[in-house]
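Student: Got the model up on my screen. Mind if I throw some quick questions at you?
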Amino acid sequence: MFINQEYINSLLKEAKHAGKEEIQKVLEKARKGKGLSHRDIAVLLEISDEEQSREMFNIAGNIKKSIYGNRIVVFAPLYISNYCVNNCTYCGYKRTNKIARRRLSRDEIREEVRILEKMGHKRLALEAGEDPVNCDIDYVLDSIAAVYDTHEENGVIRRVNVNIAATTVDNYRKLKAAGIGTYILFQETYHSPTYDKVHPNSIKHDFEYHLTAFDRAMEAGIDDVGGGVLFGLADPKFEVLALMIHNEHLEEKFGVGFHTISVPRLKKAEGMDLSEFPYLVDDETFKKIVAVIRIAVPFTGIILSTRESHELRREVINYGISQISAGSCTGVGGYREHEEGKIVQQFDIADQRSPLEVLKELIDDKHIPSYCTACYRMGRTGDRFMSLARTGQIQNVCLPNALMTLMEYIMDYGDEELYIKGEKLIFAEANGIQREDIKNLLLNNLQRIKGGERDLYL
Ligand code: SAM
C-alpha cells in the first residue's frame, strides 16, 4: 500500500532532531520553489521558533500570490441526506444518534438551490451520509440533475462538486457522466489504527477501500479529485505527510494529483465530546499546516470551510487558502429551516456570516472573490489544468474570469456598499492586466455584463 505507516513514523522521528540551521536550509529551499522531499516536509512541520514560523507564513503567502494571485473562490455545501449506516465516532450523523433522518425530495432540493442562488452562489459541494438504500447512487444522480436545472432569475449553479462516501468504479463513471466538478472525499485519518478506532463496525471501517477511492474515481475518468483529512483525529504531522504521499501516488499513477485539499478541523457535534479526542489542533498548529501544504503542493487548491472562525479565516487566507465556503448550513434542508432552529447540523459552524458580508471583507482585504467555474466547463481539468497552472498561463484566464463573476455578483446580489467597493476593485485589477488583448476583451465583457449579459468566460 502506498501509505506506509512505519515509513511516515520514521520520518517524523528523524525530523524531531532537526535543529534551527537545518530548518533554515529547508526554508531557503522552499523560498526558491525547489521541490521538497518527504524529510523536508517533516522538518517544516517541526518549526516552533516564532521567527521561522513567520518566515514560513511569508513564503507560503508569496507562493500563493504568485500562483493564484489574490483570488478566492467562494462556494457553499448542500446537504441532501443525513441517513447514515456508519458509526463514525466524531460525526453528528452517526447511525447511533437518534436524530430525525431525512433526505430531500427533488422539490426540496430545488427550494434549497433557489435560496443558495439568491445568495449568489454558482458552485456547490453536494454532501450526503452513506446509506446504500436511502441514499443510493440513483438518488445522488437525480439530486445532481435537480441542482443543475434549477434557475432563479440570474441564479444558476454551474458546478456541483460531490462529497459522498467511497464507492465503485461503476458509480464513479455515473458521477462523471452526471457532470460533476470535483469528487471530494476526506480520508479522515491516514493513521490506520486510529482510522479503525473511529470507524467501528461499519462499511466505512475498511481503511484500504477508503484510501483507494480516488484510484477508482480516476479509473472511471474523474480527473479532478479533492482530498483532505479531518484534523483532530490523529497526529497532524503524520496526516500532512500522508496527504503529500497520497498526492504523489496519484501523480505517479494518473499523471495528476489532488485538484484540491481540504483542511477541516474537528468540531463539536451531536453525540460526541471533543474532550475524547486527544489530537485536537490549536490555531497556531493549524496555520502551520496550511502553510506547509501550500509550500509542498503549490498548484493544488486549498479549501477552508466555515468550521473556522471569521478571524482565523481572515488570517489563514493569506497563507495559502484558495477556496472558502460562505453562508453555509450543514443540516439537511438547512437553508430553508435554519431560521426555525429545527436543524441538527452535522457539526458546529463558526463563521455564520452571509456571503455578502464575507465578500465585503475579502474586498477590503484586497482579495478578489471569485465564482468562476470556467476551467471545468472549458475542459481544463486534471492534468490539463495542472500544466496550465505550472506554466503560469492560467493567470491569463483566471483573473479575467474571476473579475467577470464578481461583476455579475455585485450587479445581481450586492448592495450599494459592495457595488462601490467591487467596481473599484474590478476596474483597478482589469486595467492592471499586462496583455492588451486580454485587457480589452475583459473591459468589453465587463460592459456587456453591466448591460445585462451573463455567464461570459474565457
Ligand atoms: N459520507 C461521506 C463520507 O463518508 O466521506 C461524506 C462525508 S460528510 C457529509 C463530510 C465530512 O464532514 C466528513 O468526511 C468529515 O470529515 C466531516 N465531519 C464529520 N464530522 C465532523 C465534525 N464533528 N467536525 C468537523 N467535520 C466533521
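Student: Where is Asn-201 found?
Tutor: Asn-201 sits in the loop between helix H8 (192-198) and H9. Keep in mind that this is a predicted model.

Student: What's its phi like, positive or negative?
Tutor: Positive: the phi of Asn-201 is near 35 degrees, and the residue is not a glycine.

Student: And is Asn-201 buried or exposed?
Tutor: Asn-201 counts as exposed because its relative accessibility is 64%, and the cut-off for exposed is over 50%.

Student: What about Asp-455, where does that lie?
Tutor: In the segment after helix H20 (436-450). Asp-455 also has a positive phi, near 60 degrees, and is not a glycine. With a relative accessible area of 27%, Asp-455 is partly exposed.

Student: Switching topic. Which domains is the chain divided into?
Tutor: Domain 1 (5-65), domain 2 (69-352) and domain 3 (392-450).

Student: How far apart are the C-alpha centres of domain 1 and domain 2?
Tutor: Those centres lie 28 Å apart. The contact takes 26 residues from domain 1 and 30 residues from domain 2.

Student: Pockets next. How much space lies in the largest pocket?
Tutor: About 440 Å³. The largest pocket is lined by 23 residues, and the closest to its centre are Gly-35, Ile-295, Ala-296, Val-297 and Pro-298.

Student: Which elements give two or more residues to that lining?
Tutor: Helix H4 (50-68), helix H11 (236-254), helix H12 (283-296) and helix H17 (382-391). H11 gives the largest share, four residues.

Student: And where does the largest pocket lie relative to the domains?
Tutor: Between domain 1 (5-65) and domain 2 (69-352), because both give residues to its lining.

Student: How do the lining residues of the largest pocket divide by class?
Tutor: Into 13 nonpolar, six polar and four charged.

Student: What about the second largest pocket, what volume does it have?
Tutor: About 310 Å³. Its lining has 19 residues, with Glu-130, Pro-132, Ala-165, Ala-166 and Thr-167 nearest the centre. Helix H6 (137-148) and helix H9 (207-211) each supply at least two residues of that lining. By class, the lining of the second largest pocket has 10 nonpolar, four polar and five charged residues.

Student: OK, closed spaces now. How many cavities of 30 Å³ or more are there?
Tutor: The count comes to seven. The largest cavity holds about 720 Å³ of space.

Student: Which residues lie nearest the centre of the largest cavity?
Tutor: Glu-127, Asn-163, Phe-186, Arg-307 and Gln-346, out of 42 that line the largest cavity. E1, strand E2 (123-128) and strand E9 (301-304) each supply at least two residues of the lining. The lining of the largest cavity has 22 nonpolar, 12 polar and eight charged residues.

Student: How much space lies in the second largest cavity?
Tutor: About 380 Å³. It's lined by 23 residues, and Tyr-68, Val-73, Arg-123, Phe-385 and Cys-398 lie nearest the centre of the second largest cavity. Helix H16 (374-377) gives the largest share of that lining, namely three residues.

Student: Let's do packing. How many residues does the largest nonpolar core have?
Tutor: The largest nonpolar core has 155 residues, and those with the most contacts inside it are Tyr-90, Leu-175, Tyr-183 and Ile-293. H18 contributes the largest share of this core, 10 residues.

Student: What is Ile-293 in contact with, leaving aside neighbours within four places in sequence?
Tutor: Val-240, Leu-243, Met-244, Ile-261, Val-263 and Ile-302.

Student: Last one, helix H15. How many of its 10 residues are buried?
Tutor: Seven, so H15 (residues 355-364) is mostly covered, with under 20% relative accessible area as the cut-off for buried. The buried ones are Pro-355, Val-358, Leu-359, Lys-360, Glu-361, Leu-362 and Ile-363.

Student: What do they pack against?
Tutor: Strand E1 (71-81), helix H13 (310-316), strand E10 (323-325), strand E11 (368-370), helix H18 (395-412) and helix H19 (416-431).

Student: And which residue with a positive phi follows H15?
Tutor: Lys-366, with phi near 70 degrees.

Technical notes. Residues are numbered from 1 along each chain as its sequence is written. This is a predicted model: local features need pLDDT of at least 70, side-chain atom pairs count only at pLDDT 80 or more; totals for chains, interfaces and linings use all residues. Side-chain values use heavy atoms; hydrogens and water are left out. Buried means under 20% relative accessible area, exposed over 50%, partly exposed in between (1.4 Å probe, protein chains only). Contact means heavy atoms within 4.5 Å. On a 1 Å grid over the protein atoms alone, a cavity is a set of points where a 1.4 Å probe fits but cannot get out, and a pocket is an open set with protein on both sides within 12 Å along at least five of seven lines; lining residues have an atom within 4 Å of a point. Grid points are joined across faces, edges and corners, and a volume is the space filled by probe spheres set on the points. Ala, Val, Leu, Ile, Met, Phe, Trp, Tyr, Cys and Pro count as nonpolar, Asp, Glu, Lys and Arg as charged, and the others, Gly among them, as polar. Domain bounds come from an automatic or database domain assignment. A nonpolar core is a set of buried Ala, Val, Leu, Ile, Met, Phe, Trp, Tyr and Cys residues joined through side-chain atoms within 4.5 Å.
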